[in-house]
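Work through the exercises below with the sequence and the model at hand. Each task is followed by a solution in steps.

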Amino acid sequence: TGRKKIALIGAGNIGGSLAHLAALKGLGDIVLFDVVEGVPQGKALDLSQCGPVEGFDAKITGSNDYADIAGADVVIVTAGVARKPGMSRDDLLGINLKVMKAVGEGIKANCPDAFVICITNPLDAMVWALREFSGLPHNKVVGMAGVLDSARFATFLAWEFGVSVKDVNAFVLGGHGDTMVPVLSYSTISGIPVHDLAKIKGVDAGRLDEIVKRTRGGGGEIVALLGTGSAYYAPATSAIAMAEAYLGDQKRILPCAAYVEGKYGLDGLYVGVPCVIGKDGIEEVIEIELSDEEKSNLKVSTDAVEELLVACKGLDGSLA
Ligand code: APR
């Protein structure tokens, strides 16, 4: 067909939400893949039956066979396990690294020309490992975290200032962990720097610090409330925005976990930075100026990511 093909690896909470959004937005035909038999097939049937109501014709299928992702244009990876209350994202490393190996090999064999968006945690390490296992070019493998973290930051800022979320442009750098770096100096509300609007509105620095802290712990706050599983609606929405930027050659500048070599003083690492997404995938990493404090916060965050890569190499000799 002339339609695009979207492969979703992992048919759990995020995978199901991704399929629903991709169908509603008409991104293309959708294949849900999972190791569990029945689940992707069942979700695909349920989602197909939204078609008559919503008026979409997307073909949605479920599969346990990697051959069915052949020729996919976009692959979004959520395979693996999610956090339970009290766990950090890093606690998932051992299990999810093995999953990334299987997924990377499946992508390499069946759709090496795809644009691959990884969501599985711990994100910055898993997207790196997925790239290694798949052997795809670095510009075609990216991690979704910054769009979500920025959306959380923007939500809290909009609530605090009593303004529309549409007018908030919030900026987050670094790894997708507790050391992420929400950057207030690059965050604006309708073009007005947050610090300026805070003065006008009488929002004190302490409140802004609390918002930064809440953003950093935004995923954990939801994990604790849910009791089982982690966030999925906003993670799915965020990855779909990245897929749309690629499919539509939109040249959006989005914060993504991208491969950074040279910029930000980094030497071959996946971490959250502003990127241009267009038809060639990650077309550019944009290096912005940072204050000394922002730089040292980013260093803490990238050091934490590097530590996880060392752990990955220790667990799987083929990565060393
Ligand atoms: N290959 C394919 N799918 C797998 C594999 C594998 N090797 N191992 C597990 N899965 C599937 C599970 O069967 C499950 O259906 O991945 C799915 C994960 O779904 P959920 O447990 O509902 O998790 P979800 O909330 O979707 O999050 C997935 O994204 O945000 C991250 O931390 C989160 O790492 C987690 C991932």
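Asn121 is found in the loop between S5 and H5; helices (H or I, at least four residues) and strands (E, at least two) are DSSP runs, numbered from the N terminus. The model is predicted: local features need pLDDT of at least 70, side-chain atom pairs count only at pLDDT 80 or more, and totals for chains, interfaces and linings use all residues. Residues are numbered from 1 along each chain as its sequence is written.

**Exercise 1. Describe the surroundings of Asn121 and the peptide bond that follows.**

Step 1. Count the neighbours. A residue is buried if 20 or more other C-beta atoms lie within 10 Å of its own, exposed if 12 or fewer, and partly exposed in between, with C-beta atoms placed from the backbone. Asn121 has 28 other C-beta atoms within 10 Å and is therefore buried.

Step 2. List the contacts. Two residues are in contact if their C-beta atoms, placed from the backbone, lie within 7 Å. Leaving aside neighbours within four places in sequence, Asn121 is in contact with Arg89, Leu92, Asn96 and Met126.

Step 3. Check the peptide bond. Asn121 and Pro122 are joined by a cis peptide bond, with omega about -5°. Pro122 is found in the loop between strand S5 (115-118) and helix H5 (123-134). Most residues other than glycine have a negative phi, and most peptide bonds are trans.

**Exercise 2. Characterise the shell around the ligand.**

Step 1. Find the nearest residues. A residue is near a molecule or strand if its C-beta atom, placed from the backbone, lies within 6 Å of it. Of the 28 residues around the ligand, Gly10, Gly12, Ile14, Ala79 and Asn121 come nearest.

Step 2. Assign the shell to elements. Helix H1 (13-24) and helix H4 (93-110) are the elements that give two or more residues to the shell. H4 gives the most, with four residues.

Step 3. Sort by residue class. Ala, Val, Leu, Ile, Met, Phe, Trp, Tyr, Cys and Pro count as nonpolar, Asp, Glu, Lys and Arg as charged, and the others, Gly among them, as polar. The shell divides into 15 nonpolar, 11 polar and two charged residues.

**Exercise 3. Place residues of the UniProt binding-site records in the model.**

Step 1. Read the records. UniProt positions are given in the numbering used here, feature names are shortened, and annotations may be inferred rather than shown by experiment. One "binding site" feature (unreviewed entry) in UniProt includes Ile14, Gly15 and Asn121 among its positions. For another "binding site" (unreviewed entry), UniProt lists Arg83, Arg89, Asn121 and Arg152.

Step 2. Take Ile14. Ile14 is in helix H1 and is buried, with 27 other C-beta atoms within 10 Å. Outside four places in sequence, Ile14 is in contact with Thr78, Ile119, Tyr232, Pro235 and Ala236.

Step 3. Take Gly15. Gly15 also lies in helix H1 and is buried, with 25 other C-beta atoms within 10 Å. Contacts of Gly15, leaving aside neighbours within four places in sequence, are Leu8, Gly10, Leu32 and Thr78.

Step 4. Take Arg83. Arg83 lies in the loop between strand S4 (74-77) and H4. Arg83 is buried, with 23 other C-beta atoms within 10 Å. Leaving aside neighbours within four places in sequence, Arg83 is in contact with Arg89, Leu92, Val223 and Ser230.

**Exercise 4. Which strands of the sheet S7-S10-S11 stand at the edges?**

Step 1. Establish the order. Two strands pair if DSSP finds at least two bridges between them. Three strands form an open sheet in the order S7-S10-S11, with antiparallel pairing.

Step 2. Identify the edges. Strand S7 (168-169) and strand S11 (192-193) each have a single partner strand, so one side of each is left without a neighbour in the sheet.

Step 3. Examine one pair. Strand S10 (residues 188-189) is joined to S11 by two bridges. Thr188 stands opposite Pro193 in S11.

**Exercise 5. Are Ser190 and Tyr264 buried or exposed?**

Step 1. Locate Ser190. Ser190 is in the loop between S10 and S11, and has a positive phi of about 50° although it is not a glycine.

Step 2. Locate Tyr264. Tyr264 is in the loop between strand S12 (252-261) and strand S13 (267-278). Tyr264 has a positive phi of about 55° and is not a glycine.

Step 3. Apply the neighbour counts. Ser190 is exposed, with 11 other C-beta atoms within 10 Å. Tyr264 counts as buried, with 20 C-beta neighbours inside 10 Å.
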